[in-house]
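The report below goes through selected side-chain contacts and surface features of one protein model, taking charged pairs before aromatic ones. Please keep the sequence and the structure at hand while reading.

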Amino acid sequence: MKKFTKIALIVVLITGIVGGCLAGVGLVFGGSVRSITGNFTNSRLYHVLRRVCRDHEGPWWDMDDDFNDYRHSLGDLDNFNHGSMEQREFLPSEIDSIDIEIYSGKVEIRTIPEDEIRISGLTDQDFLELDTEDRELSLEREYHDYGVMEDLIIEVPESKVFSSLDVHLESGQFLSSGKLSVREGDFTLMSGSVQIELLDAQETDIEMASGDFAVTQTGKLEDYAVRTKCASGHLVLNGEEHAGTTNARYGTAGSLKKIDIESSSGSVAVNFENQ
């Protein structure tokens, strides 16, 4: 075993032990397993490890997968020409949740009257994965340094309600036009910008390191229990500015609809359809 491999395994072991201890302490003091796993899956470490594991898997057909997932990496297709564009179509019943990672360029979700989910503007640098058991669609737009990137467009039916939408933005842009309906929306920004025209969600989690985030939620402020934790930056809530707000709560305590905002810096604007 190489010296580097031994060191790496030792680091992983120590990190796992420390993480397990901290997780145990969190559970003892009233935390939940869901909150622990949710914070990890929104972290940069999770996304880095996920990319490493995915690249290590190799072929786009994984015949030994116990969960019988369908994995489809566009870059592995023999008939996919460098620089060409592709489109994929799915039935709405095939997809229950969407996970998007953006490292450059622009990704946009548009609502359409047709009863079909279409993804266009895909290149051989993009990664697309459909978990047929969990009905989760994962899409990753990586950074590349050649030419002008085509916008990646995801068209979804107006009547479609997703169980979850997870957007992780390292840089670039994420846009949503029309009314987007999800039960849970998780948005993590390291930099870049997010603009959502209208979001109908039971739970909305926004975590920002920097960048610009703007969303209009359905209903009014009083329909939600809003928690904000902003170390610095600029927060606009329901049209009112709150500079440097820390550990503040707004809306109606105990409401079933929740908005959670954590920001280290940058600009966050959360407005409401009926403000």
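## Salt bridges

There are 12 salt bridges in the structure, and the coordinates behind this report belong to a predicted model. As background, side chains of opposite charge can pair when their charged atoms come close. Three of the pairs are listed here with their closest nitrogen-to-oxygen distances.

| Salt bridge | N to O distance |
|---|---|
| R110 and E108 | 3.3 Å |
| D126 and R141 | 2.8 Å |
| R227 and D260 | 2.7 Å |

In the salt bridge between D126 and R141, the partners come from distant parts of the chain, with D126 in strand β6 (residues 126–131) and R141 in strand β7 (residues 136–141), 15 residues apart. Both D126 and R141 are buried.

The salt bridge that R227 forms with D260 also links distant parts of the chain, since R227 belongs to strand β13 and D260 to strand β17 (residues 257–263), 33 residues apart. Here R227 is partly exposed, because its relative accessible area is 22% and the buried class requires a value under 20%. D260 is likewise partly exposed, with a relative accessible area of 21%.

The two partners of the bridge between R110 and E108 can be described in turn: R110 is partly exposed at a relative accessible area of 34%, whereas E108 is buried at 10%. Beyond these pairs, E116, R118 and E155 are joined in a network of salt bridges.

## A buried lysine

Which side chain of opposite charge is nearest to K160, a buried residue that has no salt bridge? It is D96, at a distance of 5.0 Å, and K160 therefore remains without a salt bridge, as the cut-off for such a contact is 4 Å. The side chain of K160 does, however, reach the backbone oxygen of I95 at 2.8 Å. K160 itself is placed in the loop between β8 (152–157) and β9 (161–169).

## Aromatic pairs

The structure contains 2 aromatic pairs. One of them is formed by F187 and F213, whose rings are arranged edge-to-face, with 5.6 Å from centre to centre and 65° between the planes. This pair connects distant parts of the chain, as F187 sits in strand β10 (residues 173–189) and F213 in strand β12 (residues 212–217), 26 residues apart. F187 counts as buried at 1% relative accessibility, and F213 is buried with a relative accessible area of 2%.

In the pair of Y224 and F272, the ring centres are 5.4 Å apart and the planes stand at 45°, so this pair is classed as tilted. Because Y224 lies in strand β13 (residues 224–230) and F272 in strand β18 (residues 267–272), the pair ties together parts that are 48 residues apart in sequence. Y224 and F272 are both buried.

## Surface features

On the surface, I10, I14 and V18 make up a nonpolar patch, and together they have about 270 Å² of accessible area. Of these residues, V18 is found in helix α1 (residues 3–28) and is partly exposed, with a relative accessible area of 44%.

A243, in strand β15 (residues 240–243), is exposed, with a relative accessible area of 68%. A243 is separated from A231 by 12 residues in sequence and by 9.5 Å in space, C-alpha to C-alpha.

Definitions and conventions
Residues numbered from 1 in each chain as written. Predicted model: local features only at pLDDT ≥ 70, side-chain atom pairs only at ≥ 80, totals over all residues. Heavy atoms only, no water. Patch = residues over 30% accessible without salt bridge, like charges linked within 9 Å, V, L, I, M, F, W, Y side chains within 5 Å. Areas by Shrake-Rupley, 256 points an atom, 1.4 Å probe, with all protein chains shown as cover. Helix = DSSP H or I, 4+ residues; strand = E, 2+ residues; numbered from the N terminus. Buried < 20%, exposed > 50% of the residue type's maximum accessible area, 1.4 Å probe, protein only. Phe/Tyr/Trp six-rings, centres within 6.5 Å; stacked < 30°, edge-to-face > 60°. Lys, Arg positive; Asp, Glu negative; His and termini not counted. Polar contact = N/O pair within 3.5 Å; in protein donor to acceptor, adjacent residues only side chain to side chain.
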